[in-house]
Amino acid sequence: MTDTVPMTDEMRELLHSEAVSITADLVSIDSTNTGDPATTGDGETRVCRRIAEYLDEVGIPSELVESVPGRGSLFARVDGSDPAAGGLVVHGHVDVVPAVAEDWSVPPFAGEIHDGWLYGRGTVDMKNMIGMMLAVVRHYRREGIVPRRPLLLAFFADEEAAGTMGARWVVRERPDIFDGMTHALSEVGGWSVPVAGRRLYPIAVAEKGVAWARVSAKGAAAHASRPTSDNAVAAIAG
Ligand SMILES: [Zn+2]
């Protein structure tokens, strides 16, 4: 039992190629969430079933749960080596926002690669992370790697429209799925922001909070159609 193995070039190449090919495969399954249950199809469940196949291939069982038929979320546990360690939820969402094919230079649901770039709806939000999650756990299984914490791989429906039929439904109806889990990681992050000449990697610890502030600035009274050089709003924005 180990939580690490030396990374060889072959392993790195396979991880990379699987992350890309799985992402492309999932992009090719149209899982558009229109935000309207009446017009949202069964793409989420079809993506979940495909993810389950990738997990099955390395012996990881998974459970599909559906808030309504077609609106599926998928869950799979990977055992950890430390029974006392809190579990880590690594989660992604299987739905994507709509894409109008005429607006695209490539088919949005084909997962085509051009000049080394993968194109399609969901490539960055967020079938890419699902592809990486699957590539990593498949690597774990091939190499006999056991993480210290138990993992819950979660793939949710309906993230793009408030999660009512995905995360919210699962938390209400199947809280047992999260037994033993203490932390969670998902999309957004990994880029840096230059601050005072240093490279800062932000870590989000909360989202969409409210912070009230009273700010005042003085400037000449004017109208939006006639910019002035001493605009109070611009002073505050700056
Ligand atoms: Zn997203």
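Two strands pair if DSSP finds at least two bridges between them. The legends below use the word in this way, and the model they describe is predicted.

**Figure 1. The whole chain, with its helices and strands.** The chain holds five helices and nine strands. Read from the N terminus, its elements follow the order α-α-β-β-β-β-β-α-β-α-β-β-β-α. Along the principal axes, the C-alpha atoms occupy a box of roughly 70 × 45 × 40 Å. The chain has 238 residues, and 35% of them count as buried. Contacts between residues at least 6 apart in sequence were also sorted by separation: 70% of them join residues at least 24 apart.

**Figure 2. Strand E6 and its two covered faces.** How many of the residues of E6 are buried? Six of the six are, so E6 is largely enclosed by the rest of the structure. In a regular strand, side chains alternate between the two faces of the sheet. On one side of E6 lie Leu151, Leu153 and Phe155, and on the other lie Leu152, Ala154 and Phe156; all of these are buried.

**Figure 3. Strands E2 and E3 beside E6.** E2 and E6 run antiparallel and pair over five bridges. Within this pairing, alanine 76 has leucine 153 of E6 as its bridge partner. E3 and E6 pair in the parallel sense, over six bridges. Leucine 88 stands opposite leucine 151 in E6, and valine 89 stands opposite leucine 152 in E6.

**Figure 4. Strand E3 and its pairing with E7.** Is E3 mostly covered or mostly uncovered? E3 is mostly covered, since buried residues make up six of its seven. E3 and E7 pair in the parallel sense over four bridges. Valine 89 faces alanine 184 of E7, and valine 89 also stands opposite leucine 152 in E6.

**Figure 5. Helix H3 and what packs around it.** H3 covers residues 127–143. With 17 residues at 1.5 Å a residue, H3 should span 24 Å, and its end C-alpha atoms are 24 Å apart, which agrees. The expected span is 1.5 Å times one less than the number of residues, which is why the count of 17 leads to 24 Å. The buried residues in H3 are Lys127, Met129, Ile130, Gly131, Met133, Leu134, Ala135, Val137, Arg138 and His139. Their cover includes the helices H1 (9–27) and H2 (43–56), together with strands E2, E3, E6 and E7. Glycine 144 follows H3 and has a positive phi, near 70°.

**Figure 6. Helix H2 and its neighbours.** The 14 residues of H2, at 1.5 Å a residue, should span 20 Å; the C-alpha atoms at its ends are 20 Å apart, which agrees. Buried in H2 are Gly43, Glu44, Thr45, Val47, Cys48, Ile51, Ala52, Tyr54 and Leu55. Which elements do the buried residues of H2 pack against? They pack against H1, strand E1 (63–66), E2, H3 and E6.

**Figure 7. The largest pocket.** Rolling a probe the size of a water molecule over the atoms shows where empty space is left. The largest pocket holds about 1,100 Å³ of space. It is lined by 30 residues, of which His91, Ser186, Glu187, Val188 and Glu207 are the closest to its centre. E3 (87–93), H3 (127–143) and E7 (181–185) each contribute at least two residues to the lining. By type, the lining has 17 nonpolar residues, eight polar and five charged.

**Figure 8. A cis peptide bond ahead of H3.** The peptide bond from aspartate 125 to methionine 126 is cis, and its omega is near -10°. Methionine 126 sits in the loop between strand E5 (117–118) and H3.

**Figure 9. Two alanines with positive phi.** Alanine 162 is not a glycine, yet its phi is positive, about 80°. Alanine 162 belongs to the loop between E6 and helix H4 (167–173). Is alanine 162 buried or exposed? Its relative accessibility is 60%; exposed means over 50%, so alanine 162 counts as exposed. Alanine 196 also has a positive phi, about 50°, although it is not a glycine. The loop that holds alanine 196 lies between strand E8 (193–195) and strand E9 (198–200). Alanine 196 is exposed because its relative accessible area is 80%.

Definitions and conventions. Residues are numbered from 1 along each chain as its sequence is written. Side-chain values use heavy atoms; hydrogens and water are left out. On a 1 Å grid over the protein atoms alone, a cavity is a set of points where a 1.4 Å probe fits but cannot get out, and a pocket is an open set with protein on both sides within 12 Å along at least five of seven lines; lining residues have an atom within 4 Å of a point. Grid points are joined across faces, edges and corners, and a volume is the space filled by probe spheres set on the points. Ala, Val, Leu, Ile, Met, Phe, Trp, Tyr, Cys and Pro count as nonpolar, Asp, Glu, Lys and Arg as charged, and the others, Gly among them, as polar. Buried means under 20% relative accessible area, exposed over 50%, partly exposed in between (1.4 Å probe, protein chains only). Contact means heavy atoms within 4.5 Å.
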